[in-house]
Amino acid sequence: MKSPVFNRLSARHLFLGAAASCALAAGVAASALPARAQQQQPATSLPSSPALSQSHVDVARDVVILSGIARTFDGMLPTFADQVRQTYITRPEISADLNAVLEQLKPELEARKQDILTASARILANRINEQNLTEIRAFFQSTAGQQYVATQPLVLEDLFGAMNTWVGDVSAFIVSRAREEMRKKGHDI
């Protein structure tokens with residue numbers, strides 16, 4: 001049985017934020033790298049038991065944190081707690097104790113966040129070799145990289161607005177053009 005907390009989370013919002021963050025971070029980092037670093041072939045699937053060195057995973061973890069990807073996880077923890085509060089809103093007599101428990105759980109939740117950071121680092125390390133990750137890390141440590149990460153939330157907000165407009169425009173275009181072409185074939189739709 002699924003947790004009522006998880007049922008209420010906006011999985012779409014969390015996924016889109018993480019995906020966009022990863023895509024933008026990868027795009028900017030790749031464009032900042034020399035051509036030789038961009039030529040690495042992407043893995044078609046992740047190995048079930050990757051043999052990654054600890055230094056490779058550590059560099060990947062740095063990239064996950066420095067690129068802003070980890071911010072997605074930071075935002076999820078308060079959301080989980082808020083969803084628990086919402087689940088029990090009909091029981092005001094327990095709210096003080098519930099708030100105390102949720103506060104008490106923060107260190108354990110932080111440990112759980114470390115699990116997803118490690119998983120993210122391993123996923124990234126499976127896709128990009130250590131040398132390239134070291135170069136990507138250097139970009140994110142640079143002034144330009146830090147500026148990119150700082151403006152990323154604003155860019156994503158603007159991007160989602162532009163995407164909504166684009167989706168509406170493309171949808172209207174395809175319906176109009178399909179009708180036009182179907183009329184030419186003798187069909188009125």
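Biologist: In this predicted model, what makes D82 and R85 a salt bridge?

Modeller: The closest N and O atoms of D82 and R85 are 3.0 Å apart, and since a salt bridge asks for a side-chain nitrogen of Lys or Arg within 4 Å of a carboxyl oxygen of Asp or Glu, the pair therefore counts as one.

Biologist: How are D82 and R85 placed along helix α5, and how many residues apart are they?

Modeller: They are three residues apart in helix α5, and so about one helical turn separates them.

Biologist: Why is D82 called partly exposed?

Modeller: D82 has a relative accessibility of 41%, and because buried means under 20% and exposed over 50%, D82 falls in between and is called partly exposed. R85, at 31%, is also partly exposed.

Biologist: What makes R137 and D62 a salt bridge, and which helices do they lie in?

Modeller: Their closest N and O atoms are 2.8 Å apart, which is within the 4 Å cut-off, so the pair qualifies. R137 lies in helix α8 and D62 in helix α4, so the salt bridge ties together parts that are 75 residues apart in sequence.

Biologist: How do you know that R177 and E181 form a salt bridge, and which network includes them?

Modeller: The closest N and O atoms of R177 and E181 are 3.0 Å apart, and this is within 4 Å, so the pair meets the definition. R177 and E181 are also linked with E180 and K184 in a network of salt bridges.

How values were computed:
Residues numbered from 1 in each chain as written. Predicted model: local features only at pLDDT ≥ 70, side-chain atom pairs only at ≥ 80, totals over all residues. Heavy atoms only, no water. Helix = DSSP H or I, 4+ residues; strand = E, 2+ residues; numbered from the N terminus. Buried < 20%, exposed > 50% of the residue type's maximum accessible area, 1.4 Å probe, protein only.
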